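Visitor: I should like to understand how this structure is put together. May we go through it part by part?

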Amino acid sequence: MKMTLAILTLLSTSAWANLHLAPPDFVSKSGRSVFVDFKTAQYDVTYDLENKITTVRSTIVFEAEKTGKPIFDLVPNPKNVTLDGVATRVVALDFPDKISKARLVDTFVDPGEHVLKMENTFKANVRYHDNNTFNVSSAFWIRDLKERMFLEQYVPSNLEFDQYQMTINAKFVGVKKIDQEFFTNGVVTKNSPTSWTIVYPDYFTASSLYYHTTRQGSLRRMDYNYLSVNGREIPVTVYTPWYLATSDFKKYSEEIFAELEADYGPWGHPSFVAYGTLPGTGGMEHSGATQTSLGAFDHEMLHSYFAKGVMPSNGNSGWIDEAIASWRDRGYLRLPTVSFGGSDIGGQSVYKRNTDDRSYALGAAFMAYLDYRLQNIGGLKAFLRGYFAAYNHMVITEQHFKNNLEFFSGMDLTHEFDTYIWGTNTPDAEGLSKQSHHHAPMTEAQLKSIL
Ligand SMILES: [Zn+2]
């Protein structure tokens with residue numbers, strides 16, 4: 001099975017040229033609007049401690065395949081925008097049928113490589129402390145059940161289909177030196193008493209990166225290595241507020257590592273960083289990183305295999321990883337029927353960017369049924385293990401997931417997907433989805449409180 005999946009990998013196009021995964025280009029009121037392929041993004045983030053203002057200067061190198069105005073996203077308003085060294089402006093962009101919003105560079109580009117620069121300020125999840133010490137807490141927390149809650153909350157980003165190398169240069173001005181600590185899933189270098197650089201892997205998307213900086217020593221921290229099943233020492237960092245024990249997270253992480261590696265193979269990331277937060281709340285997954293309560297820790301670690309290992313290309317494919325994680329949460333049930341009549345959790349607009357929140361309950365029920373269908377060939381877990389091995393660090397669509405499932409099983413699953421994923425919502429599907437996820441997502445105030 002690994003061999004057949006490996007052959008499919010060879011047939012796919014070059015690794016991070018992901019424009020074929022973008023939604024279709026379209027004509028907006030500003031003219032022909034085209035999705036582009038980000039190559040690199042450099043974010044120079046300046047924390048001004050005197051004026052308590054956070055500014056980002058961004059330099060994005062991208063490639064256009066067709067002539068048109070380039071689409072990207074940034075929630076705060078950009079200023080001082082240049083394209084290939086020439087001043088231009090950025091306008092608001094509505095997606096077809098007003099499914100979502102983004103931004104458009106108001107200049108037509110020809111196919112080829114271009115350089116986009118701009119500035120913005122952001123206030124989301126940043127706090128300046130000035131009581132005893134001048135320090136800053138800042139985090140790029142993300143959410144996936146609401147739209148426009150990935151990196152675009154803070155810095156100019158592409159949509160989730162794209163993978164590109166990101167660098168953050170964090171600088172603190174207004175002080176001669178500052179004791180900041182960084183928790184990230186990139187490589188951190190201290191350049192001076194007030195500046196740091198974090199370089200992230202080139203396979204990251206707008207929902208992969210983990211970035212949290214706070215006053216040195218203000219959070220409990222424990223670093224250790226986990227010996228992976230393949231013999232690799234995985235550097236792990238768990239950190240918590242003073243009222244939680246890092247040792248609880250360490251102990252639990254070791255249990256979950258062992259379980260997940262036994263089921264799906266060696267951990268697929270260079271390291272693992274986990275911020276243990278408010279009991280009773282949910283968490284959010286990043287690539288080899290999470291911010292989570294102890295209760296949702298296992299669910300979020302599973303997402304380092306499916307969601308941030310094998311990564312969804314858009315809102316429609318977001319159900320897959322929540323389905324797998326919830327199927328595991330519910331004890332990997334194997335059921336001969338699907339417990340609802342039909343739904344469209346993966347069959348909505350191609351421009352939709354967030355995951356349908358019915359994906360937990362309905363997706364888990366669908367996975368339980370697939371596991372039943374695949375029981376004679378090792379069940380769904382056997383497929384997922386191979387799928388992860390072949391497509392870790394790659395962006396996939398739900399069609400890709402279906403094609404590979406069919407290839408693995410030799411079954412035609414068209415009717416099943418057309419009914420339960422791309423179909424019509426039935427009343428029992430609504431009823432089932434009410435029992436949805438057991439960990440409530442954090443509120444904005446809670447996200448700010450854990451900075
Ligand atoms: Zn989840």
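Visitor: How many Å separate the centres of domain 1 and domain 2?

Guide: This is a predicted model. The domain assignment of its chain gives domain 1 (24-124 + 145-206), domain 2 (220-305) and domain 3 (310-433). Taken over C-alpha atoms, the centres of domain 1 and domain 2 are separated by 29 Å.

Visitor: Which strands stand at the edges of the open sheet of eight strands?

Guide: Strands of a sheet pair through backbone hydrogen bonds, either parallel or antiparallel. In this open sheet the pairing is mixed, and the order is 7-6-10-4-3-13-16-15. Each edge strand has a single partner strand, so one side of it is left without a neighbour in the sheet. The edge strands are strand 7 (86-87) and strand 15 (187-192).

Visitor: Which residue in strand 4 stands opposite Val 45?

Guide: Strand 3 (residues 37-48) and strand 4 (residues 53-64) run antiparallel and are joined by eleven bridges. The residue that stands opposite Val 45 is Val 56.

Visitor: What is the bridge partner of Lys 79 in strand 10?

Guide: Strand 6 (residues 79-83) pairs with strand 10 (residues 112-121) in the antiparallel sense, over three bridges. In strand 10, the partner of Lys 79 is Glu 119.

Visitor: Which residue in the turn between strand 6 and strand 7 has a positive phi?

Guide: Two bridges join these antiparallel strands, strand 6 and strand 7, and Leu 83 stands opposite Val 86 in strand 7. The two strands form a hairpin with two residues between them. The residue in the turn with a positive phi, of about 50 degrees, is Asp 84.

Visitor: Which helix gives the most to the largest nonpolar core?

Guide: In soluble globular proteins, nonpolar side chains tend to be buried together. The largest nonpolar core here has 119 residues, of which Ala 365, Phe 366 and Met 367 touch the most other members. With ten residues, the helix that gives the most to this core is helix 5 (residues 359-373).

Visitor: Which residue of helix 6 is both buried and in contact with Met 367?

Guide: Leaving aside neighbours within four places in sequence, Met 367 is in contact with Ala 323, Ile 324, Trp 327 and Leu 380. The buried residues of helix 6 include Phe 383, Leu 384 and Leu 380. The name found in both lists is Leu 380.

Visitor: How many Å apart are the end C-alpha atoms of helix 6?

Guide: Helix 6 (residues 379-391) has 13 residues, which at 1.5 Å a residue should span 18 Å. The end C-alpha atoms agree with this, being apart by 19 Å.

Notes
Residues are numbered from 1 along each chain as its sequence is written. This is a predicted model: local features need pLDDT of at least 70, side-chain atom pairs count only at pLDDT 80 or more; totals for chains, interfaces and linings use all residues. Two strands pair if DSSP finds at least two bridges between them. Helices (H or I, at least four residues) and strands (E, at least two) are DSSP runs, numbered from the N terminus. The expected span of a helix is 1.5 Å times one less than its number of residues. A residue is buried if 20 or more other C-beta atoms lie within 10 Å of its own, exposed if 12 or fewer, and partly exposed in between; C-beta atoms are placed from the backbone. Domain bounds come from an automatic or database domain assignment. A nonpolar core is a set of buried Ala, Val, Leu, Ile, Met, Phe, Trp, Tyr and Cys residues joined through C-beta atoms within 7 Å. Two residues are in contact if their C-beta atoms, placed from the backbone, lie within 7 Å.
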